[in-house]
Structure formats: structure tokens, C-alpha cells
Amino acid sequence: MSKRAVAAAALAGAMILGLSACSSGGGSSDSKKSDGKLVIGFAQVGAESGWRTANTKSIQDAAKKAGVTLKFSDAQQKQENQIKAIRSFIQQKVDVIAFSPVVESGWDTVLKEAKAAKIPVILTDRSVDSKDESLYVSFLGSDFVEEGKKVGDWLVKEYQNTPGDVNIVQLEGTTGSAPANDRKSGFADVIKGEPKFKIVASQTGDFTRAKGKEVMQAFLKSQPKIDVLYAHNDDMALGAIQAIEEAGKKPGTDIKIVSVDGVKDAFTAMSQGKINYDVECNPLLGDQLMELAKKVKAGETVERRIKTVEGTFTPEQATAALPNRQY
């Protein structure tokens with residue numbers, strides 16, 4: 001073999017070795033180990049509402065502030081997309097996986113895969129329905145049952161001296177999701193002892209403004225008398241307000257509106273008298289999530305259930321808080 005051929009063969013061998021070294025174990029995993037940063041894989045539900053947008057921004061901003069590498073995925077409200085994202089995070093060997101489940105059921109298989117890979121999982125905002133609680137280390141978020149109960153408590157007090165039936169329509173969240181299930185059951189638990197409260201129609205609005213308007217239009221056509229609208233989130237309530245106004249009725253007066261979330265657009269509507277009561281569901285979980293993930297990675301013992309602190313708002317309180325509302 002000529003000297004030129006020997007040199008060419010040596011160069012080719014060096015290039016192959018170099019390529020092998022770059023691809024072994026995955027580039028993201030190697031860079032993660034070299035820079036020492038905590039790496040979190042986060043699978044978000046989607047961007048279906050103002051609340052969710054604020055939640056995403058809070059997590060992204062908190063990761064930057066905490067020096068955390070965040071691998072973010074938007075599931076567009078599809079469980080199969082979240083499962084794909086979680087499997088991708090497992091392949092990338094992230095330090096911690098966090099996600100807000102689209103629905104409650106159907107997670108055991110992929111979470112067992114994460115457990116087998118020794119990657120701890122944190123649930124944020126929404127929980128899962130699983131008998132095996134070892135599949136996640138902690139759940140950070142609101143108490144949705146309590147939110148539904150707060151709505152029911154307001155309704156009972158508001159109509160305590162009102163004779164006759166009170167006809168209620170309910171805009172439910174995404175079918176099978178934890179907030180939809182829990183906000184419905186918490187509300188039902190409170191009003192079941194009051195025979196005058198009648199839920200005359202209840203249907204999902206998928207937590208979106210457009211679907212909330214569409215379903216409310218159907219309610220207005222099918223129900224001759226509606227006294228109260230209970231929306232499982234503000235975006236559906238805001239969509240319903242459009243439908244009510246287009247039907248020639250006055251939201252907040254002709255039809256009382258109670259909702260959950262406490263986003264800025266809803267506070268504006270409350271200041272205009274269009275929403276009568278709002279139960280806060282705080283989306284700004286980013287800082288708490290980063291702190292929790294660092295503890296989990298360090299092997300510290302953390303609480304299984306961490307609740308966020310939240311309030312309730314009347315129109316007067318919302319008007320006062322509106323100028324400083326962050327989301």
C-alpha cells in the first residue's frame with residue numbers, strides 16, 4: 001500500500017471514531033453531564049386557554065432563572081402526543097420528567113417505563129388516576145374539588161332567600177380531565193342538599209373560548225329558562241358571554257355567571273359586571289416546580305401533595321386587582 005493510501009485510511013478511521021464518539025449516548029445527555037445543569041423534560045397539555053399560556057410562560061421563565069435546561073413539548077391536548085414526549089424524554093435521559101396530564105387515565109405503561117429508567121416524575125396542575133402511586137414522586141397543583149365546592153358555596157349563599165327553582169347550565173372542561181371531573185363533583189356535592197338547584201344541561205366545552213360559545217348557543221336554544229351558568233374555566237365563560245350577548249341577554253344580570261381560573265380577561269369581564277364570581281386557580285407554578293425538581297434530583301424527601309395558595313373574587317375585588325394582574 002502506498003504512503004498516500006495509508007494516510008487516507010488513517011484519516012478515514014479517525015473520522016469514524018470521531019463520529020462514533022459524538023453519537024454515543026446521545027448528544028443532549030453528554031452535554032447535560034458536562035455542564036452539570038439539571039435537565040427537566042416537561043410535557044404541557046397545550047395552549048387551549050389564557051391560563052395555560054400563563055402556566056407555560058411561568059415554567060419557561062422559572063427554568064431560565066434557576067439555570068435549568070428545559071426540554072419542552074406541547075401536546076396540543078392529545079394524550080398520545082404527551083406519551084410520545086415522555087418516551088422521548090426517557091430516551092434523552094433527562095434528570096426529571098414533569099407533565100400536566102391531558103386526562104386522568106391511561107398513564108401506567110409509560111410511567112412504568114420512566115420508573116424502569118430511574119427518572120422521577122412530577123405531576124403539575126393535574127393528577128393521574130393510577131393505583132400505583134410509586135409511578136410519580138409528587139403532585140404540585142390546585143385542589144379542583146375544593147374549587148368546585150367554592151363555586152357551590154357562593155351559589156347557595158347568593159340564592160339563600162330566593163324562592164323557586166334555580167336552573168343551572170354547566171360548561172364542563174375536557175372530558176376525562178382531572179379539573180373537569182373534580183370541579184363537577186365538588187360543585188355537585190355542595191348543591192345536592194338544595195333541591196331548588198337544578199342542573200338542566202351540562203356539556204363539555206373543552207376549556208376553549210370557541211367551544212364555550214358554541215355550547216352556550218345550544219343551551220340558549222334548548223333551555224327556555226337559564227338562571228346560572230357554571231363554567232369550569234374562564235375561557236369557556238368568556239365564550240359563553242359572547243353567545244349570551246348575541247342572544248340579546250345581559251350576562252351577569254339575566255344569567256348569573258360563575259367560573260374558575262381568575263385570568264385577566266375574566267377580571268375585565270367582572271369589572272364590567274358580566275361575571276359574578278370567580279374562583280382562582282393559580283397557573284404560576286414555575287418557581288415551585290424548579291425548587292421541587294432540584295430537591296427530587298438531590299434525593300431529598302418531598303411531600304406527595306403540594307397545594308397552591310388561591311383565593312376567590314367578587315366583581316369589586318377583581319376590579320381592584322385588575323391593574324396588577326399578571327395573567
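Is Phe-72 buried, exposed or partly exposed? At 31% relative accessibility, Phe-72 is partly exposed, because buried would need under 20% and exposed over 50%. I'll come back to that residue. One caution before the rest: this is a predicted model.

Overview first. The protein has 327 residues, and 49% of them count as buried. Its secondary structure comes to twelve helices and twelve strands. Now the contacts between residues at least 6 apart in sequence. Of these, 74% join residues at least 24 apart.

Next, the aromatics. How many aromatic pairs does the structure hold? Six. I'll show two.

Pair one is Phe-42 with Phe-72. The rings are stacked, with 6.0 Å from centre to centre and 20° between the planes. Phe-42 sits in strand 1, residues 39-44, and Phe-72 sits in strand 2, residues 69-74. The pair therefore ties together parts that are 30 residues apart in sequence. Now look at burial. Phe-42 is buried, at 0% relative accessible area. Its partner Phe-72 is partly exposed, at 31%.

Pair two is Tyr-159 with Phe-197. Here the ring centres are 6.3 Å apart and the planes meet at 85°, so this pair is edge-to-face. Tyr-159 is in the loop between helix 6 (144-158) and strand 6 (166-172), while Phe-197 is in strand 7. These parts lie 38 residues apart in sequence, and the pair ties them together. Tyr-159 is buried at 9% relative accessible area. Phe-197 is buried too, at 8%.

Stay with strand 6 for a moment. Asn-167 is in that strand. Is Asn-167 buried or exposed? It counts as buried, at 15% relative accessibility, because the cut-off is under 20%. What does Asn-167 touch, leaving aside neighbours within four places in sequence? Its contacts are Lys-198, Val-200, Lys-225, Ile-226, Asp-227 and Val-228.

Now a loop residue. Phe-207 is found between strand 7 (197-204) and helix 8 (209-222). Phe-207 is buried, with a relative accessible area of 4%. Along the chain, Phe-207 and Glu-48 are 159 residues apart. In space, their C-alpha atoms are separated by 6.7 Å.

On to the cores. The largest nonpolar core has 50 residues. Which of them touch the most other members? The answer is Leu-155, Ile-168, Leu-171, Met-216, Phe-219, Leu-229 and Ile-275. Helix 9, residues 234-246, gives this core its largest share, seven residues.

Take Ile-275 as an example. Set aside its neighbours within four places in sequence, and its contacts are Ala-237, Ile-241, Ile-257, Ala-266, Ala-269, Met-270 and Pro-315. There is also a second, separate core of 21 residues. Its members include Ala-85, Val-94, Ile-97 and Val-110.

Last topic: empty space. We have a pocket and a cavity to look at.

The pocket first. The largest one has a volume of about 170 Å³. Which residues line it? They are Thr-53, Ala-54, Lys-57, Ser-58, Asp-61, Ala-62, Leu-284, Gly-286, Asp-287, Gln-326 and Tyr-327. Two elements give two or more residues to that lining: helix 3 (50-66) and helix 11 (286-297). Helix 3 has the largest share, with six residues. By type, the pocket lining divides into four nonpolar, four polar and three charged.

Now the cavity. A search of the whole structure finds one of 30 Å³ or more. About 100 Å³ of space lies inside. The lining has 13 residues. Which lie nearest the centre? Trp-51, Arg-52, Arg-126, Arg-183 and Asp-261 do. Helix 3 appears again here, alongside helix 7 (178-191), as an element giving two or more residues to the lining. By type, the cavity lining divides into five nonpolar, two polar and six charged.

To close, one element to keep on screen. Helix 3 gives six residues to the lining of the largest pocket. Helix 3 also gives two or more residues to the lining of the largest cavity.

Note on methods: Residues are numbered from 1 along each chain as its sequence is written. This is a predicted model: local features need pLDDT of at least 70, side-chain atom pairs count only at pLDDT 80 or more; totals for chains, interfaces and linings use all residues. Side-chain values use heavy atoms; hydrogens and water are left out. A nonpolar core is a set of buried Ala, Val, Leu, Ile, Met, Phe, Trp, Tyr and Cys residues joined through side-chain atoms within 4.5 Å. Buried means under 20% relative accessible area, exposed over 50%, partly exposed in between (1.4 Å probe, protein chains only). Helices (H or I, at least four residues) and strands (E, at least two) are DSSP runs, numbered from the N terminus. Contact means heavy atoms within 4.5 Å. On a 1 Å grid over the protein atoms alone, a cavity is a set of points where a 1.4 Å probe fits but cannot get out, and a pocket is an open set with protein on both sides within 12 Å along at least five of seven lines; lining residues have an atom within 4 Å of a point. Grid points are joined across faces, edges and corners, and a volume is the space filled by probe spheres set on the points. Ala, Val, Leu, Ile, Met, Phe, Trp, Tyr, Cys and Pro count as nonpolar, Asp, Glu, Lys and Arg as charged, and the others, Gly among them, as polar. Rings of Phe, Tyr and Trp (its six-membered ring) pair if their centres lie within 6.5 Å; planes under 30 degrees apart count as stacked, over 60 as edge-to-face and the rest as tilted.
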